[in-house]
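Me: Please justify the terms used for this structure, setting each value against its definition.

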Amino acid sequence: KQWYQRRVAVGTFFFFIVTLVKLCSIPNSGSRSRQRFRQASITVAIFTAIFLICNLPMFGMVIVYLVNEILYGYPGIFSQFFMNYYSWLVAKIVCVVLNASLNPVLYFLRMKDFNSWVRKGGKKQSVSSDPSSVGAS
């Protein structure tokens with residue numbers, strides 16, 4: 001399980017860096033599709049950054065735990081009841097719930113369609129017969 005968590009952390013960090021490099025290489029001006037791609041890249045980068053920030057305590061604790069197990073053969077600071085119980089509680093539950101709670105806020109702030117849907121009270125939007133309005137936001 002811990003090996004899986006480390007792979008997810010490293011993979012997420014790698015794709016975050018790739019996204020940022022790609023985002024910085026895209027010129028700000030240009031066609032509408034290029035601007036939409038840049039906007040989508042910024043949104044992905046923000047969601048990834050929030051994910052990494054919210055899960056950083058858990059990633060750090062897993063690393064500290066593994067280093068203590070490998071070097072000393074016992075959990076080290078996690079052998080204390082307080083650290084073992086509350087640090088994992090905060091890292092695995094509170095931070096994950098915080099990330100899950102921030103996602104709808106980010107959707108509301110970054111996505112116009114979601115924003116208008118929430119403002120309308122979650123009602124289904126009427127379908128327009130105008131084909132030029134498809135995908136427009």
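The turns below concern a predicted model.

Me: Why is serine 41 called buried?
Reply: Buried means under 20% relative accessible area. Serine 41 has 8%, so the term buried applies. Serine 41 lies in helix H2, and its C-alpha is 6.9 Å from that of threonine 19, although the two are 22 residues apart in sequence.

Me: Why is asparagine 99, in helix H3, counted as buried?
Reply: The relative accessible area of asparagine 99 is 10%. The limit for a buried residue is under 20%, and therefore asparagine 99 is buried. Leaving aside neighbours within four places in sequence, asparagine 99 is in contact with Ile50, Phe51, Cys54 and Asn55.

Me: Why does leucine 89 count as partly exposed?
Reply: Partly exposed covers what lies between the buried limit of 20% and the exposed limit of 50%. Leucine 89 has 31% relative accessibility, so it is partly exposed. Its place is in helix H3, residues 81–110.

Me: What makes Leu89 eligible for the nonpolar patch on the surface?
Reply: Patch residues need over 30% relative accessible area and no salt bridge. At 31%, leucine 89 passes the area limit. The patch also includes Phe81, Tyr85 and Val97, among others, and its members together have about 890 Å² of accessible area.

Me: How does the span of helix H2 compare with the expected value?
Reply: Helix H2, residues 32–72, has 41 residues and reaches 57 Å from its first C-alpha to its last, close to the expected 60 Å. H2 bends by about 50° at asparagine 55, and proline 57 follows within four residues. After H2 comes glycine 73, with a positive phi near 80°.

Terms used. Residues numbered from 1 in each chain as written. Predicted model: local features only at pLDDT ≥ 70, side-chain atom pairs only at ≥ 80, totals over all residues. Heavy atoms only, no water. Patch = residues over 30% accessible without salt bridge, like charges linked within 9 Å, V, L, I, M, F, W, Y side chains within 5 Å. Areas by Shrake-Rupley, 256 points an atom, 1.4 Å probe, with all protein chains shown as cover. Salt bridge = Lys/Arg side-chain N within 4 Å of Asp/Glu carboxyl O. Helix = DSSP H or I, 4+ residues; strand = E, 2+ residues; numbered from the N terminus. Buried < 20%, exposed > 50% of the residue type's maximum accessible area, 1.4 Å probe, protein only. Expected span 1.5 Å × (residues − 1). Bend = angle between axes of the 7 residues up to and from the residue. Contact = heavy atoms within 4.5 Å.
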